[in-house]
Amino acid sequence: MKRKLRTLLYGSCLVLVAGFMAGCEEKVTSLPNDSAVRTGVLPNGLTYYIRKNTEPREHAYLMLVNKIGSLVETDEQRGLAHFTEHMAFKGTKNFPQNTLVSELQKMGLRFGADLNAYTAFDQTVYKLDIPLSDTASLNNGLQILRDWAGSVEMENASIDAERGVILEEKRQRAGLQERITQKTFPILLNNARHAVRMPIGTEEVLKNFNHDLLRKFYHDWYRPDLQAIVVVGEFNPDEIERKIKQQFGDLVKPADAPTLPEFSVTLNGQKTFNVVRDEEIKTVSLQLYCKSKANPLLTDKDFRNGIAVELFNEMLRQRMGQLHRQSDPPFVQASAGIGPIGEGLAGPTVQIAFLPGGIERGYTAVITELQRVRKHGFTEGELKLAKTAMGESQNNRYNQREKISSEAYATQYANAFIQKAAYPSEEYINKLVRDQLEKITVSEINKLIDLFFDTPDQDLIIMAPADEKEKLPTEADLKSWKEKVVKGKVEEYKESASASELPKPVSKPGSITATKPIPEIEGTEMTLSNGARVILKPTKFNDDKILINGFSNGGLSLYGQADYDNALFAVPITMQGGVAGMNTQALGKVLTGKMVQFQPFIAEYTEGFSAGSNKKDLETCMKLIHLYFTKTQLDETAVAGMMRNTKLEVEKRYELPANIFVDSVNSFLQGNHWSKQPMTVKRLDAVVPARAVEIYKERFADASGFTFLITGSFEVEEIKPLVEQYLASLPATNTKEEAVDMNVAFASQDKSISMKLDLENKASVQVVVGGTYKGTPWDNVQLNALRSILQYRITEQLRNKDNATYSPAVNIQKSHFPQPRYGFSISFSCDPVKAKTLIGEVKQVIDKLAQEGPSDEEMAKFIAESRAGIAKASASSEFWQTLLLNCLQNGYSISEANSIEKYLGQINKDHLKNAANEFLKKKPFMDFSLMPK
């Protein structure tokens, strides 16, 4: 809810509903900008935004925002706005010849995560997340922004080399979603210029454009009157303002600069009906877009409208959710709400995925629910719940306002520059939300439903398989079904009674039988009367957040092949049932406005849960944990609908090439073990829901084997009573269960497999190298270092030298039971003709790393990135929870929890050369390729 609220209030869909409160006589007031933001415009027209912020500590988030994108391209320049963005990373005046990315990596920035950019229709934005380890870092960051703004090199050789990379980016995007976009964008945007100015451009232009044409684009459009600099972080704003004036003041708008044209989507008052077919679409679905103009957030009335829309959407979401929870839901999935559509348009949207042969039934069900709201409106009870949820979400956000990240602030100011929108302070927002929640009435909100029926501009799109096996409705059919609902009788919505709070446990509180400090982490270990262990790690991050994890050994491994699928579905089936006699709808009402989350799991060798809350709702969270250990139940109605939809997904899954490829690779890598085979309808039909719930209860019946980890903003003495009441009172059988080795025989020989299934002229390649290892923290640091260095080298070879792929990725997975294992995965897409050659080059990169070891520069980059990442993340409860959970689950000493810095100080080139031989060179090399038909 928090994110939705913020997105809507700062989005561009608010004026859409301005008319529904036209009768309000309150004075309309412009929203004031946050006074904590220092802003100004230089004499050359460049705008700047500066804010001091300490989240994360010792960091600054920098952005160069250009108010231009692909819409300003001529026919001969299609794709050159995006091409310019690429060239900015290839070389600038002060960072020439591909040194820019390398220099930033030495400062600790990770390409993609801390250093990135994007090009859209109306904007091109560059981002830097700078660790402020020294004064030079921020200076370098500002210098890079200055170079991007006006001093990008455009050498002919670099331009020609980058053509291949961008063509491969275009190839990588090719697929079902891209084909659908090409067919639907002209419809949704009424054939506006956007439809023929997709930022990626055309293959013809990318291959053949004249170098000077790219330089002209940069000269014409990268200029101070269309640019903004955003700097947010822990620094002296006076100093930053002085540097911006000094460094950016010499930028000049060219005398021959073209005027920035306006390119908006024109509404035409028409309703369209469209059918889009594709070979990879496997389920018939419908999308309805009711289009109106959207405008930026400027006044308190806009803000009030945004709150009303969010309340409306929440109530409608709850109504649609009830349709999902039936034993035989009328559709596979459905949603409806009011929000952004794109490119200056917003309005109501409806999306329905139909059952085979169930188009009329599904469409009628959704229209009936919309008509129910239109005829009878929402109830006061529904509005009260929605207001409670929004109010508590806003409370939580306001209480954590000191933890709002510099990135979030910077993005807000960038959007304000592009959209000419306001950026009010958190204090102002909090007061406005409080005031408007009191004033908005259900009768006002009910008027919004008319937009689904009365908006003049509407596009109805049916997505369908290419085989035409299922008869599709005509436009007349849909109109007839809708009129039948509108003219028919629709019953008034009936609210179900529900409890007001979670019940307390009937069991008596347990006790804490032993306590000892853990000085290495400034934590505490407790032993409970039921045998459970609790690790407490209070933090001082002022983030009003408490994270709880629990786990024990056993998991799926304790169930043989006959019962395996029942165990596999034990959690999703049980979660459909709610707890303590409350179904999921009733439980949702009880938890409305509570900042709590709980998710259990039964994994291969463990079971447990992750949970969390703020301080105010901690007891509710602990209650929920207790209830999901002791008071779960089977809801056969809800489970029937869930299993039916799951079967439909499984039936369709293996009609898609990518799914066949992924499942085949995973099965091979894990020795074709019976537990690693893809799910089938036959297996789903054999699942017994009652047995699944029974297995869930078995896994959570014995708390004596559990370890509970609690991290966050709490005091140990304050939390002790809750631990005794809700954790120490959990049942214990003291069975001392241990996981069982499932004897999965992993692939252990060189292998090459190619499958010709893809519809596009594209090869999707995955190289896998892995094996067993000791699994120590020292080993893990070496593996992580090898992953980073492989990422540098694979990117350098395949992208920068060969220009043969766009975004090669190197990942690593590790597991520790029954025997520690690791696996490197190197994946990329490319021209099918080049796939075998590039796979060979990956092998050469690995061999060379093992033969020579890493360079001094690669070591410096890895250590800088690691230290910057740790420094940024360590000031969060999530960091400590992840670190400690890793130690506890893998049997490491708690003293190893924060040992990364120690190992970074020890690691050297010889270590990694030996590690490359042990973990890469001497292991099986397996490659898998999904090729075109």
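This is a short tour of a predicted model, from the whole chain down to one helix.

**Whole protein**

Start with everything shown as a cartoon. The protein holds 32 helices and 23 strands. Turn the C-alpha trace along its principal axes: it spans about 80 × 80 × 60 Å. The radius of gyration is 29 Å, which agrees with the value near 30 Å for a compact globule of 933 residues.

**Surface and charges**

Switch on the surface. About 39,400 Å² is exposed, and carbon and sulfur atoms supply 49% of that area. Of the 933 residues, 57% count as buried.

Now colour by charge. There are 114 positive and 117 negative charges. Their mean positions lie 1 Å apart.

**Contacts along the chain**

Go back to the cartoon and colour by residue number. Take the contacts with a separation of 6 or more: residues 24 or more positions apart account for 84% of them.

**Helix α25**

Select residues 689-699, which form helix α25. Show side chains. Which residues of α25 are buried? They are A692, V693, I695, Y696 and R699. Look down the axis of α25: the buried residues fall within an arc of 155°, so they line one face of the helix.

**What covers that face**

Keep α25 in view and add its neighbours. The cover over its buried residues includes these elements:

- the strands β15 (546-553), β16 (596-602) and β17 (606-613);
- the helices α18 (564-568), α19 (570-575) and α21 (618-630).

Finish with α25 and these elements on screen together, with A692, V693, I695, Y696 and R699 as the buried residues of the helix.

Technical notes
Residues are numbered from 1 along each chain as its sequence is written. This is a predicted model: local features need pLDDT of at least 70, side-chain atom pairs count only at pLDDT 80 or more; totals for chains, interfaces and linings use all residues. Side-chain values use heavy atoms; hydrogens and water are left out. Buried means under 20% relative accessible area, exposed over 50%, partly exposed in between (1.4 Å probe, protein chains only). Helices (H or I, at least four residues) and strands (E, at least two) are DSSP runs, numbered from the N terminus. The arc is that of the directions from the helix axis to the C-beta atoms. Contact means heavy atoms within 4.5 Å. The radius of gyration is taken over C-alpha atoms; the globule rule is 2.2 Å times the number of residues to the power 0.38. Accessible areas come from the Shrake-Rupley method with a 1.4 Å probe; for residues, only the protein chains shown count as cover. Lys and Arg count as positive and Asp and Glu as negative; His and the chain ends are not counted. The place of a charge is taken as NZ of Lys, CZ of Arg, CG of Asp or CD of Glu.
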